[in-house]
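Hello,

Here is the structure you are taking over. Please look through it first; my notes follow below.

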Amino acid sequence: MPNTDYNQYVSRKKAFVETKNFSMAGRELAKLKELRKMSDENVQPVDVGEVPTPGETIETPSVEAGGSFVDDYAVDVPDIPIPDDEPEGNSIEDEFEGAYKFAVVGVGQGGSRIAQTFWNLGYRRVAIINTAKQDLDPIDMPTENKLLIGGDGAGKKPEIAEEIFNAHREDILDFLKRTFGDEFDRVLVCAGAGGGTGAGGCSVVIEVAHDLCESLGVETRGEGSVAKVGAIVALPSKAEGNRVASNTKRTMDKVLNLKNLGALTPLVILDNEKIKQIYPKLPVRKFWGTSNSSVCALFHLFNRISAQESVYTSFDKADLETVFASGLITFGATPLKKWDQPTDVSQAIRDNLKRTILANLDPSTGNIASCVVIGSTEVLDELPQENLEYGFEQLTRILGSGSTVHRGVYSGSKPGMIVYTAIGGLDAPKEFLD
Ligand SMILES: Nc1nc2c(ncn2[C@@H]2O[C@H](COP(=O)(O)OP(=O)(O)OP(=O)(O)O)[C@@H](O)[C@H]2O)c(=O)[nH]1
Ligand SMILES: [Mg+2]
């Protein structure tokens with residue numbers, strides 16, 4: 001079951017706005033009461049003139065007669081350009097068939113690189129925002145998908161970035177509206193947690209994305225409503241120093257608070273320290289690309305697969321939605337070298353949860369999961385069903401009682417077999433729990 005409640009966020013936001021407007025509302029109310037008192041004192045019967053009884057003809061001046069009636073009452077209408085009946089829709093299409101129409105916004109340089117990775121996969125509702133031109137220029141995307149605010153950067157100071165973003169809320173809203181078009185299902189905000197621009201700007205962009213979703217009806221209020229804004233946030237490596245570490249703490253406090261209020265889902269936390277552990281020899285040139293590709297490709301895989309039927313077991317959009325609506329989530333992918341023993345698949349699933357570049361999260365705190373197996377037809381012809389079942393059961397045991405595991409089995413074009421998992425409803429990493 002999704003453990004988030006977007007209404008919590010909406011009512012807190014409403015309470016905040018009401019507190020702000022309270023003194024104004026008090027003054028307005030007093031004025032209204034005074035006006036009502038004045039009009040009560042001056043109540044006069046209204047002269048409605050002669051009312052004809054039904055069937056009785058009444059004399060009205062003729063419209064043609066001398067034109068005086070027409071001339072006296074005709075309104076002089078100036079030429080006003082009349083808009084078309086239907087305003088033209090702003091439709092943007094991705095270059096592939098997926099279950100979700102994701103709209104992605106990258107904030108700061110790291111966030112923009114993650115967003116660009118989605119762009120390279122064929123996503124077309126992609127926007128990037130920065131406070132420094134030199135960080136926007138190297139991102140290989142059309143100029144109209146880029147927004148520069150401020151101009152002098154934020155110099156690793158999230159407080160400065162937050163101020164700039166707050167001052168440009170309307171510009172950001174217009175820009176996202178234009179870049180995402182009228183139709184999308186979910187927004188993903190991407191940012192590095194330890195810098196200035198992404199760290200300070202992301203929570204403002206999350207709020208603006210909610211405003212956009214509400215205005216387009218993507219998010220609704222009321223019972224059972226779920227937030228449609230999620231985020232991918234990158235934690236720094238240890239070597240990046242104290243300033244970056246304290247910025248990260250600030251960003252994570254904000255982001256996790258939004259997640260706890262049910263206003264941010266799914267939340268994916270990438271850990272740049274783990275890239276070094278999992279790919280120790282990675283050259284500098286490939287470092288960010290590898291990290292960004294691995295997380296975006298997993299999003300993409302689940303998005304594509306849930307739009308496809310399988311002759312074995314289909315995994316559909318409703319299954320994926322339960323994970324995307326569950327708050328903090330993690331992904332994993334493990335190729336299987338052998339699959340003839342019942343424990344082969346379950347072992348792969350356990351590895352899958354450890355060997356990921358996402359932050360260390362305790363899978364036993366999760367309450368929902370998806371597990372998709374993609375194998376060549378040769379493998380699926382040989383693989384005993386019970387070995388698969390054993391693997392799926394393992395995942396159910398890891399998550400604990402009351403959890404749900406959605407399954408999918410698909411035949412793929414590549415040789416061998418890969419197990420993909422997505423687990424949701426997880427607790428925050430220990431270092432950010434207090
Ligand atoms: N995963 C990932 N993390 C990145 C990438 N680039 C930077 N980061 C991380 O994001 C953090 C913030 O760096 P930037 O994104 O360059 O900073 P910024 O948001 O542009 O902020 P300022 O330049 O200080 O205004 C860094 O500490 C890195 O840990 C990237 O391409 N991928
Ligand atoms: Mg920057």
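**Strand β8 and its neighbours**

In this predicted model, strand β8, residues 368-375, is mostly covered, with eight of its eight residues buried. In a regular strand, side chains alternate between the two faces of the sheet. Here both faces are covered: Ile 368, Ser 370, Val 372 and Ile 374 are buried on one side, and Ala 369, Cys 371, Val 373 and Gly 375 are buried on the other.

β8 has a pairing with strand β9 (residues 404-411), where the two run parallel and eight bridges join them. Within that pairing, Gly 375 is opposite Ser 411 of β9. β8 also pairs with strand β10 (residues 417-424), in the antiparallel sense and again over eight bridges. Ile 374 has Ile 418 of β10 as its bridge partner.

**Ligand 1**

For the binding shell, 27 residues surround ligand 1. The closest of them are Gly 108, Gly 110, Gly 192, Gly 195 and Gly 196. By class, the shell comprises eight nonpolar, 15 polar and four charged residues. Glycine is counted as polar in that division, so the polar figure should be read with this in mind.

Three helices each supply at least two residues of the shell: α3 (108-120), α7 (197-216) and α10 (284-305). Which helix gives the most to the shell? That is α3, with five residues.

**The nonpolar core**

The largest nonpolar core has 106 residues. Its members that touch the most others are Val 104, Val 105, Val 189, Val 205, Ala 209 and Ala 231. α7 contributes the largest share of this core, nine residues. Helix α7 is also one of the helices that supply at least two residues of the shell around ligand 1.

Taking Ala 209 as an example, and leaving aside residues up to four places away in sequence, its contacts are Val 105, Leu 176, Val 187, Val 189 and Val 229. Val 105 and Val 189 are, like Ala 209, among the core residues that touch the most other members.

**The protein as a whole**

The secondary structure amounts to 14 helices and ten strands. The protein has 434 residues, of which 41% are buried. Counting contacts with a separation of 6 or more, 77% are between residues 24 or more positions apart.

Regards

Conventions. Residues are numbered from 1 along each chain as its sequence is written. Chains are lettered from A and ligands numbered from 1 in the order in which they are written. This is a predicted model: local features need pLDDT of at least 70, side-chain atom pairs count only at pLDDT 80 or more; totals for chains, interfaces and linings use all residues. A residue is buried if 20 or more other C-beta atoms lie within 10 Å of its own, exposed if 12 or fewer, and partly exposed in between; C-beta atoms are placed from the backbone. Helices (H or I, at least four residues) and strands (E, at least two) are DSSP runs, numbered from the N terminus. Two strands pair if DSSP finds at least two bridges between them. A residue is near a molecule or strand if its C-beta atom, placed from the backbone, lies within 6 Å of it. Two residues are in contact if their C-beta atoms, placed from the backbone, lie within 7 Å. A nonpolar core is a set of buried Ala, Val, Leu, Ile, Met, Phe, Trp, Tyr and Cys residues joined through C-beta atoms within 7 Å.
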